[in-house]
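Student: Can you walk me through this one? I'd like to get from the overall make-up down to how a pair of elements packs.

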Amino acid sequence: MDSKTHRGYLWVGACTAISFYLLHRWGLNAWVHPAFHDVFPLARELSTALEALTCFVLIAVLINSEHAGSIVKVSRITAPIFMTIGLILYFLGVEFAQAWLLAIGAFFFGVGGPWLFISTASTLLTLSMSGALLAVLVGSLIQCLVSVVAGTASLSLPVMFALQIIICLGCFLYGWKSTASLPKTIASQTSLATELFLNPRSFIPASHPLFTSVVLAGIVRGIALTYGSSLSNPIQTPASFLLFLVVVGVALLLVKSRTSLDTLYLSAATLIVAGLAFFFPATFTAAVDTSVHALPNLLFNASNECLTALALLVSAAIGKRNPVDFFRIAALYEGCICLGIIGGATIGHGLNAVLSEHAGLIIWAFSTGAVVFAFYNFVLLRSFSFDRAVNSVQSSEKPRVVSPSESFGERCQAVAEAFSLTPRETEILEYYARGRSTNVVQEALVLSYNTVRSHVKNIYRKTGVHSQQELIDLIDGWSDKE
């Protein structure tokens with residue numbers, strides 16, 4: 001198979017995985033969750049909360065555990081099994097009206113849930129930005145066409161749940177090969193906590209505005225899923241896809257200018273503000289024209305499509321630049337989205353409960369929300385760029401190991417004197433300048449991890465470097481400065 005054919009094969013696989021992922025989300029909201037209404041409607045929120053918790057537990061394991069690679073491997077293998085068990089328990093709980101079965105099903109489904117997003121995003125790792133955008137567009141188109149046909153069909157409950165299981169497993173199948181190397185990549189690193197400290201420019205911290213924006217976007221997604229819903233069946237319309245189609249088309253045109261990700265986010269933010277702003281007229285004209293009542297949801301759903309595309313593209317783009325951090329970024333993204341959805345769903349349910357009695361108050365709340373959201377995105381984040389944030393991530397390739405020599409030791413000593421390093425800092429400098437890991441330094445000098453970290457932090461501060469590779473480059477080039 002030549003390279004061109006192979007790239008085409010990978011692109012088709014990505015399109016298929018994305019269409020399965022989007023169909024899975026659509027099926028949950030159209031088939032599965034509405035069936036909970038008369039038995040245990042909170043099963044949806046419970047599953048989302050457990051998915052968020054699983055994401056953050058996996059990230060904690062990834063950063064702190066010496067066996068992170070093995071744990072991630074087990075989690076990857078069990079995820080499709082857990083989600084299948086969860087869907088089967090969902091069906092039995094609905095069929096026999098047993099809330100406890102839905103609760104147990106929510107546990108299994110939520111624990112396996114993060115891998116569905118991770119698997120889908122991993123299929124974009126080998127594609128260019130334009131190829132990934134096109135794959136998202138085609139996958140979304142397939143999902144839209146299939147959902148329109150499926151939405152008009154009269155399907156029995158067993159058929160709907162069976163199809164949902166097939167769609168879920170199909171998504172895992174197409175992303176299975178792409179995620180196969182993740183446990184090995186994670187296991188090859190001595191410690192992600194060490195990597196985060198030694199090479200901060202290769203990682204985006206959890207406190208970054210990128211993730212704050214994701215939480216806010218998740219809140220809007222939660223509102224869109226619940227506000228105006230009937231019997232837990234959210235308002236979904238293919239018309240939102242037309243808006244999404246226009247946005248992705250513009251993003252494709254702007255690939256060369258490296259503003260595609262910003263285009264998706266700003267478009268999503270604009271649609272959210274418009275949805276909040278149109279809540280007022282939609283509420284008061286709904287009695288005359290009921291279709292107008294769905295306008296805010298149409299705009300929210302269109303923004304949701306943009307944000308879903310953005311989540312997949314950002315995770316893959318960062319993972320392409322730094323494969324070591326792909327799993328953490330994807331899990332963090334999904335966890336933040338789930339947190340936002342829980343908050344948004346709570347707000348949406350509250351709106352449905354009190355709208356008829358406190359319409360004026362709700363309208364003021366939406367108007368205030370529009371102003372606050374617009375201020376946050378267009379004023380506080382006016383200098384923030386998704387594209388710049390992604391492009392600022394440096395490769396996390398392991399620094400080359402330098403063999404000690406007389407000139408090498410002299411250069412290290414000269415650097416230590418020039419930057420007023422202490423004797424202990426000078427010792428540690430020589431180890432790190434040779435490309436040694438923190439574990440090697442700990443064992444050789446009989447020091448604790450925190451002590452080594454403190455010394456390295458001082459070395460970085462005094463020499464003005466930001467990563468181990470920059471430290472090696474400083475030593476290598478010191479003879480020229482002399």
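Tutor: Let's fix one term before we start: axes are lines fitted to C-alpha atoms, for helices over the stretch in contact, and angles run from 0 to 180 degrees between N-to-C directions. Keep in mind, too, that this is a predicted model.

Student: How many helices and strands are in the protein?

Tutor: The protein has 482 residues, and 52% of them count as buried. As for secondary structure, the tally is 23 helices and 0 strands.

Student: Which helix gives the largest share of the largest nonpolar core?

Tutor: That core has 113 residues, with Leu124, Leu264 and Tyr333 making the most contacts inside it. Leu264, for one, is in contact with Cys306, Ala309, Leu310 and Leu313, among others beyond four places in sequence. The largest share of the core, 15 residues, comes from residues 295–321, helix H14.

Student: Are H21 and H22 parallel, perpendicular or oblique to each other?

Tutor: H21 (residues 449–463) and H22 (residues 468–476) pack with their axes 11 Å apart, at an angle of about 55 degrees. Angles under 35 degrees count as roughly parallel, and 65 to 115 as roughly perpendicular. The pair is therefore oblique.

Student: How many residues of the contact of H21 with H22 are nonpolar, polar and charged?

Tutor: H21 brings Ile459, Tyr460 and Thr463, while H22 brings Gln468, Leu471 and Leu474. Leu474 also belongs to a second, separate core of 23 residues. Sorted by type, the contact comes to 4 nonpolar, 2 polar and no charged.

Methods
Residues numbered from 1 in each chain as written. Predicted model: local features only at pLDDT ≥ 70, side-chain atom pairs only at ≥ 80, totals over all residues. Heavy atoms only, no water. Core = buried A, V, L, I, M, F, W, Y, C linked by side-chain atoms within 4.5 Å. Buried < 20%, exposed > 50% of the residue type's maximum accessible area, 1.4 Å probe, protein only. Helix = DSSP H or I, 4+ residues; strand = E, 2+ residues; numbered from the N terminus. Contact = heavy atoms within 4.5 Å. Parallel < 35°, antiparallel > 145°, perpendicular 65-115°, else oblique. Nonpolar A, V, L, I, M, F, W, Y, C, P; charged D, E, K, R; others polar.
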